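Welcome! Here are a few exercises to help you find your way around, each followed by a worked solution.

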Number of protein chains: 2
Amino acid sequence: MTWVLEKVAYDELAMATSSRIVFLVLDGLGDIQGPSGQTPLEAAHTPHLDRLAAEGCGGQFDPVAPAITPGSGPGHLGLFGYDPLEHQVGRGVLAALGIGFPLQKQDVAARFNYCSLNSLGEITDRRAGRLPTAENERLTELLKREINVGQDGVELHLQPVSEHRGLLVLRGEGLGPRLDDTDPQIIGQPPLPARARDEASSRTAEIVDDIVEQVKVLLRNDASAQGMLLRGFDSYPSISTLPERFKLKPLCIAQYPMYKGLARLVGMEVAESPASLEDFPSTLGETWDSHDFFFCHVKYTDKAGEDGDFERKREVIENVDSWLPKVVDLKPDVLVVTADHSTPAALAAHSWHPVPSLIWAPGMVRQDEIQRFDEHSCAAGGLGRLPLRYLLPIAMANAGKLKKYGA
Amino acid sequence: MTWVLEKVAYDELAMATSSRIVFLVLDGLGDIQGPSGQTPLEAAHTPHLDRLAAEGCGGQFDPVAPAITPGSGPGHLGLFGYDPLEHQVGRGVLAALGIGFPLQKQDVAARFNYCSLNSLGEITDRRAGRLPTAENERLTELLKREINVGQDGVELHLQPVSEHRGLLVLRGEGLGPRLDDTDPQIIGQPPLPARARDEASSRTAEIVDDIVEQVKVLLRNDASAQGMLLRGFDSYPSISTLPERFKLKPLCIAQYPMYKGLARLVGMEVAESPASLEDFPSTLGETWDSHDFFFCHVKYTDKAGEDGDFERKREVIENVDSWLPKVVDLKPDVLVVTADHSTPAALAAHSWHPVPSLIWAPGMVRQDEIQRFDEHSCAAGGLGRLPLRYLLPIAMANAGKLKKYGA
């Protein structure tokens with residue numbers, strides 16, 4: 001069965017109803033056993049999550065496909081019901097979303113790294129010794145002031161991100177985004193020219209090469225960095241949105257720009273950020289009447305996982321559990337607790353492990369036997385193991401938002 | 001991997017053997033917990049089904065895809081090993097199958113509803129107040145007598161079904177089935193003209209419009225209904241049959257015309273209907289030597305589910321369990337118990353929940369740990385969660401009817 005046929009089927013079956021779905025996403029939630037023999041989710045005291053699991057149904061989901069460790073882009077596309085292998089969000093676009101840069105449809109965006117070059121122009125450090133963010137800011141200010149794009153109607157935007165990382169955006173008519181990376185991924189070579197992969201991008205390649213040359217001249221005597229490497233050229237992807245595909249009125253409640261950006265990409269409106277985790281329920285309450293799908297994104301589980309901090313990850317989970325009853329009090333028709341990927345504290349990085357998930361939908365869901373919400377229990381859950389892109393349609397079915405297929 | 005490739009693989013590996021497969025389909029079997037906290041299958045006393053589950057292997061199957069609620073057509077295509085998203089059976093064809101109308105390859109069939117029209121010709125009730133079946137029969141007799149198709153070589157067949165529903169069939173050379181519905185799905189508008197979607201169907205559209213106009217004239221003073229709405233135009237689909245694909249000699253044992261019709265669609269022969277549920281084993285016994293695949297269709301589980309009757313559904317399951325030993329006594333090589341979809345009594349409708357299934361094949365199946373046949377147990381079964389179209393190939397493998405793939 002091809003995903004193309006399934007997608008058509010889901011899209012054609014979707015109908016607008018008054019029922020509400022809450023999609024509570026604990027970023028990087030999935031984990032593996034730490035030294036205690038438990039995962040942070042197993043170690044956490046989570047009476048409310050456990051009650052939802054007992055009354056609902058659990059399972060484990062692969063964000064992209066088994067064995068694939070997803071970045072944030074593919075993970076969220078899966079969450080939103082898209083095939084991450086079909087729709088891709090370039091690194092440049094993700095960098096723009098990540099700092100809340102207002103990317104426009106025709107912009108070409110790329111991630112840049114400051115790098116170190118020797119007197120032959122060869123790369124000696126691809127990250128310029130992970131220079132301090134303040135140095136990045138100083139260099140970027142200088143470049144913004146001095147670089148002359150020299151092409152009518154083309155604007156250059158440069159934004160520091162952190163350490164050696166930044167965002168480059170070209171804005172203008174007739175710019176194509178199909179450019180190879182200039183980062184050769186190894187040291188001892190000069191940066192590569194910006195090779196265009198199609199005719200429409202050849203002018204963009206010339207502009208990029210000219211900019212990179214100007215950077216080399218401007219930084220030739222700088223102590224921190226002497227060059228710029230570019231990768232992940234892309235423009236804003238055109239994706240059929242959740243309102244178009246699923247007739248949803250979706251809202252994003254998140255604290256970090258990248259997740260708001262990913263949500264906007266699929267047609268969500270974005271609520272004002274909750275000041276703290278405990279404020280998620282009140283933001284939900286204030287927006288309850290105007291939407292029917294609520295993507296609530298909790299970042300701190302992933303941050304703790306990335307930091308290898310088992311205890312802090314456990315605490316974040318317990319924090320979420322403590323205010324979960326306020327979400328239930330709003331009487332959603334369907335409440336899903338899931339993640340965009342696993343970020344095991346023991347690995348301090350994203351991983352390929354499927355994500356534990358539960359669906360709670362009184363009177364609609366088929367209950368399974370699991371009594372707790374954790375990796376172990378979900379592996380025995382009634383939802384089995386499925387690609388993550390099915391979870392949103394399953395939530396829609398349980399919310400009565402999918403018509404019958406065929407007579 | 002696409003289903004197209006998989007289909008080729010299964011088809012090429014199939015071989016004819018003397019082993020026998022019984023596919024016992026309890027229509028709409030899957031359910032969700034009722035007020036007692038159990039499903040009808042869990043509440044039922046089923047010592048023989050449980051023995052088969054303990055000696056065999058369980059799993060849960062999605063008839064079309066996760067989250068999709070199948071109609072009877074897609075559900076059975078999945079059971080028979082086809083991708084229901086690839087092959088579709090139009091509502092008109094299903095209506096014909098449902099009343100045992102002998103549809104021919106070139107016929108164009110549609111479902112009709114009698115409707116109420118006001119003096120402007122606008123629809124005031126799309127179902128004519130769900131008029132009694134006797135009234136439907138009276139109107140249909142009148143129309144059959146009076147309508148003049150007025151085109152050489154084209155026959156009109158009209159058949160009442162129940163209440164406001166009926167079947168219209170056009171028979172003749174050069175009729176295309178690609179017509180839009182004339183039912184606008186809302187009241188306050190006149191019926192739509194029969195718009196042709198391709199050139200081959202434009203003459204059919206003219207004939208249909210003329211017939212509908214004649215209906216309006218003939219019923220203009222009738223108290224029960226004043227018009228006819230048509231939907232689901234289609235002709236008999238051309239599907240590679242089970243004998244062609246899988247080298248099976250399949251037999252259908254069913255009590256309702258639609259399931260016999262669906263079975264004929266995929267090349268099954270059809271046995272004389274058992275007079276009652278308890279007669280299924282003797283019908284099996286009488287046909288045992290002439291076939292190697294037996295599709296046994298039990299309708300009453302679905303009927304009870306559709307009626308929201310938990311207790312009756314439980315009783316039907318217990319009835320089936322009571323005569324199951326007689327099926328086992330025939331010594332099938334493989335016995336499968338499954339369903340075309342779930343029909344939870346609590347929802348009184350088809351649903352998206354996967355169907356619990358078991359396969360019993362002494363000496364061939366890998367036993368799992370489940371000890372009972374019910375939704376809970378099957379969710380933990382060794383077959384896992386799979387698309388339903390894999391169940392027939394799995395049965396064939398366990399019957400030794402699939403060769404090794406590759407060297």
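**Exercise 1.** Which strands of chain A does helix H10 (residues 280-287) of chain A lie across?

*Solution.* Keep in mind that this is a predicted model.
- Step one: find helix H10 of chain A, which lies across S8 and strand S10 (293-298) of chain A.
- Step two: check its direction; H10 of chain A runs at about 155 degrees to S8(A).
- Step three: look for another helix on the sheet. Helix H12 (residues 310-329) of chain A packs there, touching strand S1 (21-26), S10 and strand S11 (334-338) of chain A. The direction of H12 makes about 175 degrees with that of S1(A).

**Exercise 2.** Work out the strand order of the open sheet in chain A and find its edges.

*Solution.*
- Step one: trace the eight strands, which follow the order S9-S8-S10-S1-S11-S12-S2-S13 (chain A) with mixed pairing.
- Step two: go to the ends. Strand S9 (269-270) and strand S13 (385-387) of chain A are the edge strands, each pairing on one side only.
- Step three: zoom in on one edge. Strand S8 (residues 250-253) of chain A pairs with S9(A) in the parallel sense over two bridges, and A:Cys252 has A:Val270 in S9(A) as its bridge partner.

**Exercise 3.** Now do the same for the open sheet of chain B.

*Solution.*
- Step one: the order of the eight strands is S10-S9-S11-S1-S12-S13-S2-S14 (chain B), and the pairing is mixed.
- Step two: strand S10 (269-270) and strand S14 (385-387) of chain B each have a single partner strand, so one side of each is left without a neighbour in the sheet.
- Step three: pick a pair inside the order. Strand S9 (residues 250-254) and strand S11 (residues 293-298) of chain B run parallel and are joined by five bridges; B:Ile253 has B:Cys296 in S11(B) as its bridge partner.

**Exercise 4.** How many residues does each chain give to the contact, and how are the two copies related?

*Solution.*
- Step one: count the sides, which hold 25 residues from chain A and 34 residues from chain B.
- Step two: sort the side of chain A by class, giving 14 nonpolar, six polar and five charged residues.
- Step three: look at strands that cross over. S14(A) runs parallel to strand S3 (residues 69-70) of chain B, with two bridges joining them, and A:Tyr405 stands opposite B:Pro70.
- Step four: superpose the chains. A turn of 125 degrees and a shift of 0.4 Å along the axis lay chain A on chain B with an RMSD of 0.3 Å. That is the relation of a three-fold axis.

Terms used: Residues are numbered from 1 along each chain as its sequence is written. Chains are lettered from A and ligands numbered from 1 in the order in which they are written. This is a predicted model: local features need pLDDT of at least 70, side-chain atom pairs count only at pLDDT 80 or more; totals for chains, interfaces and linings use all residues. Two residues are in contact if their C-beta atoms, placed from the backbone, lie within 7 Å. Ala, Val, Leu, Ile, Met, Phe, Trp, Tyr, Cys and Pro count as nonpolar, Asp, Glu, Lys and Arg as charged, and the others, Gly among them, as polar. Two strands pair if DSSP finds at least two bridges between them. Helices (H or I, at least four residues) and strands (E, at least two) are DSSP runs, numbered from the N terminus. Copies are superposed by least squares on the C-alpha atoms of residues with pLDDT of at least 70 in both. Axes are lines fitted to C-alpha atoms, for helices over the stretch in contact, and angles run from 0 to 180 degrees between N-to-C directions.
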